[in-house]
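Visitor: I'm new to this one, and I'd like a close look at a single part. Could you take me through it slowly?

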Amino acid sequence: MGFVLEVLRDALEALSGGLGGDLGAVVWLTSWIALVATGIAVLVGIPLGTVLGLGEFRAKRSITVLVNTAMGMPPVLAGLVLLLLLWRGGPFGSWGLLFTPPAMVLAQATLAIPIAVGLTAAAVGGLPPAAKEQLAAFRLPRWRRGAVAVREVWPAVGGAVAAAFGRVISEVGAVLIVGGNIRGETRVLTTAIVQETRQAQFGQALAFGFVLLGMALVVNAGITWLQFKDSAQ
Amino acid sequence: MVALVACGGPGSERVVVAAGTSLVDSGLMDALADQYESANPGVDVSVVGEASAQVLELGRRGAADVLVTHAPALEEAFLADGLAELSEIAFTSEFVLVGPPALEDRLRGTIEDVLIEIAAGELEFVSRGDGSGTHEREVELWNAAGIDPGGEPWYRKTGQGMGLTLIVADQRLAITLSERGSFVAAADQLDLQVLDVSAGPGLLNPYRVTLVVGRTAAAADFAKWLIDGAPAGLSELNRSLFDEDDIYRPAD
C-alpha cells in the first residue's frame with residue numbers, strides 16, 4: 001500500500017505544477033486531435049448511420065455486419081495499415097503526413113467513424129414501425145426525414161457521439177504507430193502514459209491519467225447535458 | 001504464486017529476464033531464450049524489453065530476475081546498492097550513427113566532428129529520449145563534442161524503443177544513434193545508411209548481465225549461462241539472425 005500512496009503523492013505533486021511546460025503542450029494536442037477526429041466521425045458517421053438504419057436495400061445486412069466488425073477494429077491494425085499507406089514511397093507518402101498530428105487525426109477518425117455509423121444505425125433502426133411509417137408519410141426530402149429520425153432518437157445518437165469520443169481519447173496503439181510520440185509534436189496523453197510508465201515515472205504517468213480522465217468527464221458531462229436537455233422536450 | 005499461475009507447462013519454472021529494447025528489437029534476446037529453453041525443457045524464459053533505466057527499476061522492485069543492460073553509469077548505482085548477486089559484462093556490440101544516403105558524404109570522420117557538423121548544419125536528429133543505454137550514450141557523445149542539443153528545433157525525442165525510433169528517423173530523413181544489431185535487423189525496410197564514423201572507444205557497447213539478489217536457482221543458472229555459455233554461440237547467432245559475423249561478440 002505504501003508504494004501506491006507514494007505514487008499517488010507524486011502524481012498530485014506533478015499536477016500541482018499546473019499545465020505549464022510539457023503537460024500543457026500534451027493536453028492541448030490531445031484535446032484538438034480528439035475533438036477534430038470526433039467531429040469528423042460525427043459529420044461522416046451520423047448521416048451514413050441514418051441511411052443504413054432507415055434505408056431498405058439488399059446489402060443492408062452485409063454492410064451492417066461489416067460496420068459492426070469495424071467497430072471492434074484493433075487500433076494497432078488501423079495504425080499499421082495507415083503507416084504502410086503513409087510510408088515515404090508508399091501510396092500516399094508524398095503527402096508527408098507520417099509522424100504528424102494530421103496522421104493521428106486520420107487514425108482516430110478511422111477508428112471512430114464505424115462506431116458513429118453503427119450506433120446511429122442501431123438507434124434510428126430501432127424506431128418503432130409506426131414511427132417509421134409516419135416518417136415515410138411526410139412529404140419531405142430524404143435528408144429531412146433522416147434529420148427528423150435522428151432528432152427523434154437523439155439521446156441514443158448522443159450516446160454514439162460519446163462512444164466515438166471515448167474511443168478516440170483513450171486510444172494509444174494507432175497514435176503511437178503513426179504519431180511516433182515525438183516530444184512537443186506528436187506526444188498525446190495516452191502515449192505519454194506509456195512512455196512514463198516504461199521509464200518508471202509512475203507518478204507522472206498517473207498524473208497524465210488523471211488529466212485524461214478529467215477531460216473525458218468534462219466532454220461526457222457536456223454530451224449528457226445535451227441528451228437530457230433535448231429528451232425533456 | 002504469480003509465477004506458478006503464469007508459467008507454461010506443469011512443473012516448469014519461469015525466469016523473467018528484462019533487457020534493453022535494442023537487444024529485444026534485434027531479435028538476439030529471444031534467440032538466446034529459445035536456445036536456453038530447448039536445452040532446459042523445465043524452464044520458461046520470459047523476455048521483457050525496456051529501456052535500461054526501467055530494466056534496472058524492474059530488478060529493484062523484484063519484478064525481473066535477470067537483467068541485461070548497457071548503461072554503465074546506471075548499472076554502477078544499482079551495483080553500489082548491493083542489489084546484484086552476480087554481475088558481469090557478457091558481450092559487446094557497437095553503436096552506429098545512421099542517416100539518409102544523401103548525407104553520407106557530408107557526415108564522415110570522427111564522431112565529434114560529425115556531431116559538430118550536424119549541429120552546425122541544423123540537420124534533423126532523432127533521439128530515443130528515454131532512459132535507455134543508447135540514449136545515455138548519445139548524451140555522453142554530445143557532451144564530449146561540447147554541444148547541448150536539448151531544445152534545438154532540429155533535435156527530436158521519441159521516448160520510444162530502438163525499432164520505432166529508427167522508423168521515425170528513416171521517414172523524416174533524419175539521423176539517429178542506434179545499436180548495430182537492431183539497425184541491421186530493420187535495415188532492409190529502411191533507407192538509412194550507416195555513416196562512416198571512425199569507431200573509437202566511444203562507440204563500444206558493452207552488455208552487462210546481472211542476477212538480482214534472492215532469485216531462484218533457475219534464474220541463477222540462466223544468468224550464469226548468459227555470462228559463460230551463451231557468448232561462445234554468438235557468431236552462429238549473428239549469422240542466422242543477421243547474415244553477418246560480428247554484430248555481437250563475447251566480452252574480452
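Among contacts in chain A between residues at least 6 apart in sequence, what percentage join residues at least 24 apart? And once that's settled, please show me strand β4 of chain B and the strands it pairs with.

Guide: Happy to, and keep in mind that this is a predicted model. Your opening question has a neat answer: of the chain A contacts between residues at least 6 apart in sequence, 78% join residues at least 24 apart. Chain A has 11 helices and 0 strands, and 39% of its 233 residues are buried. Its C-alpha atoms fill a box of roughly 65 × 50 × 30 Å along the principal axes.

Let's stop at one residue there before we cross over. A:K60 belongs to helix α3 of chain A, residues 60-71. It counts as partly exposed because 15 other C-beta atoms lie within 10 Å, and a residue needs 20 or more to be buried and 12 or fewer to be exposed. If you set aside the neighbours within four places in sequence, A:K60 is in contact with A:L52 and A:G55. A:L212, on the other hand, is 152 residues from A:K60 in sequence and 37 Å from it in space, C-alpha to C-alpha.

Now for the step across to chain B. Here 13 residues of chain A are in contact with 17 residues of chain B. On the chain A side, that makes 5 nonpolar, 4 polar and 4 charged residues.

That brings us to your strand, β4 of chain B, which covers residues 84-99. Let's take its pairings one by one. With strand β9 of chain B, residues 204-212, β4(B) runs antiparallel, and 9 bridges join the two. Look for B:T92, whose bridge partner in β9(B) is B:P206. B:T92 also stands opposite B:R249 in β10(B). Strand β10 of chain B spans residues 249-250 and pairs with β4(B) over 2 bridges, again in the antiparallel sense.

Next, follow β4(B) to B:L97, which stands opposite B:L177 in β7(B). Strand β7 of chain B takes in residues 176-179, and 4 bridges tie it to β4(B), the two running antiparallel. Then there's B:V98, with B:V194 as its bridge partner in β8(B). Strand β8 of chain B, residues 193-194, is joined to β4(B) by 2 bridges, also antiparallel.

So to find your way back, look for B:T92, with B:P206 as its partner in β9(B) and B:R249 opposite in β10(B).

Conventions:
Residues numbered from 1 in each chain as written. Chains lettered and ligands numbered in written order. Predicted model: local features only at pLDDT ≥ 70, side-chain atom pairs only at ≥ 80, totals over all residues. Contact = placed C-beta atoms within 7 Å. Nonpolar A, V, L, I, M, F, W, Y, C, P; charged D, E, K, R; others polar. Helix = DSSP H or I, 4+ residues; strand = E, 2+ residues; numbered from the N terminus. Pairing = 2+ DSSP bridges.
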